[in-house]
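Take a moment to look over the sequence and the 3D structure shown here. A short guided tour follows it.

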Amino acid sequence: MKNVAFIINPFSAKKNYQPFLDSLQKQVKNPHFYISESLEGTEQFISENFANIDIFVAVGGDGTISSVAKQLINTGKILAIFPAGSGNGFSNETNFTKNLAELLAKIRANKYREIDTFKVNDRLSINVSGTGFDGKVVKEFEKTSRGFKNYIKTSIKTFFHYKPIQVKFPSEQFKKHNGEYLMLNVANTRQFGNNAYIAPHASTVDGLAEIVLVKKFPLRHGAAFAFRMFSKTLKENKYVTFLSVPEIDFTVDTKDWHLDGEYNEIDSPVHIKVLPKSLKILI
């Protein structure tokens, strides 16, 4: 596997990456791997090894995967994944599991498909990004030790005092959707992570992003909303609107965003643009 490199985020999986590394070294002779301490370090490693590596394997969560993927956009290089995050939404949607033998078999077969990605202004996203409530939740969640339970606790705590965001679309086509929302999500795949499906009809190969507008709903509807997300049955109603678009512009009165589960501050106006078939991914 001389043409394969493994990029490991040591902070994923509760900082317990050693079992993966031990298993890798048992199954692959002299594997080429890099333990990344920063985004800059990952970028430098990919740049230095770009000419000799065909498949870059991201070992981590959606944020790690995104940081590797953005270096591979429209390059012909192939992304592979060993999921080790708290949500693993993108790896769930692209059929990567925590089975190393299965991953190595895929690498040997060396088959790939081309999928869409998208940009939020000048920043890449491969899975689901959003602003409003979930942007604030991610901001607060990053202060915890992560994990699904902490995410739920943070979400509930934030919900009670979070004020809706103001979203405005300049296009005549979408002006009717101007108003107050709990959150706005941009989905390339169907789920946030942990099998919570915010955009059940999203696809990585249709050239479209799914814009999900969610109005703040009474607490008594919270359980039903959660049930529909986890059962893949979320649909349009008086609280939820879906817009399928190749690109769209809007303004929003908050800078709190998450991009693939990682907190970012992004100024308005916001431009969303799909990059069709821009990333090769191992299958």
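The tour below goes through a sheet, a helix, a neighbouring strand, salt bridges and aromatic rings.

This is a predicted model, in which local features need pLDDT of at least 70 and side-chain atom pairs count only at pLDDT 80 or more, while totals for chains, interfaces and linings use all residues. Residues are numbered from 1 along each chain as its sequence is written, and side-chain values use heavy atoms, with hydrogens and water left out.

## The sheet and its helix

Let us begin with the strands. Helices (H or I, at least four residues) and strands (E, at least two) are DSSP runs, numbered from the N terminus. Two strands count as paired if DSSP finds at least two bridges between them. In general, strands of a sheet pair through backbone hydrogen bonds, either parallel or antiparallel.

Here, six strands build an open sheet in the order β12-β11-β10-β7-β14-β15, with antiparallel pairing. Which strands stand at the edges? They are β12 (240-245) and β15 (262-265); each has a single partner strand, so one side of each is left without a neighbour in the sheet. From one strand to the next, the twist averages 20°; axes are lines fitted to C-alpha atoms, for helices over the stretch in contact, and angles run from 0 to 180 degrees between N-to-C directions.

At one end of that order, four bridges join β14 and β15 in the antiparallel sense. One bridge partner to look for is E262 in β15, which is matched with L259. Helix α6 packs on the sheet and touches β7 (128-132), β10 (183-187), β14 and β15, where contact means heavy atoms within 4.5 Å. The direction of α6 makes about 100° with that of β7.

## Strand β8 and its two partners

Next, find strand β8 (residues 165-168), whose side chains alternate. I165 and V167 point to one face and are buried, while Q166 and K168 point to the other and are not. Buried means under 20% relative accessible area, exposed over 50%, and partly exposed in between (1.4 Å probe, protein chains only).

β8 runs antiparallel to strand β9 (residues 179-181), and three bridges join them. β8 also pairs in the antiparallel sense with strand β13 (residues 247-252), over two bridges. V167 is a good residue to follow: its bridge partner is G179 in β9 and V252 in β13.

## Salt bridges around helix α6

A salt bridge is a side-chain nitrogen of Lys or Arg within 4 Å of a carboxyl oxygen of Asp or Glu. The structure holds 10 of these salt bridges, including the three below.

| Salt bridge | N to O distance |
|---|---|
| K136 and E140 | 3.4 Å |
| D256 and K139 | 3.8 Å |
| E140 and K143 | 3.3 Å |

How many residues apart are K136 and E140 in helix α6 (residues 133-141)? They are four residues apart, which means that about one helical turn separates them. E140 is partly exposed, at 23% relative accessible area, whereas K143 is exposed at 61%. Salt bridges that share partners join K136, E140 and K143 into one network.

The salt bridge of D256 with K139 links distant parts of the chain: D256 is in strand β14 (residues 256-259) and K139 is in helix α6, 117 residues apart. D256 is buried, with a relative accessible area of 11%, while K139 is partly exposed at 28%.

## Aromatic rings

Rings of Phe, Tyr and Trp (its six-membered ring) pair if their centres lie within 6.5 Å; planes under 30 degrees apart count as stacked, over 60 as edge-to-face and the rest as tilted. The structure holds 11 aromatic pairs. In one of them, the ring centres of F133 and Y162 are 6.2 Å apart and the planes are at 70°, so this pair is edge-to-face. F133 lies in helix α6 and Y162 in the loop between α7 (148-161) and β8, so the pair ties together parts that are 29 residues apart in sequence. F133 is buried at 11% relative accessible area, and Y162 is buried at 11%. F133 and Y162 also belong to one aromatic cluster with F159, F217, F225 and Y239.

For F169 and F174, the centres are 6.2 Å apart and the planes at 50°, so the pair is tilted. Both F169 and F174 are buried.
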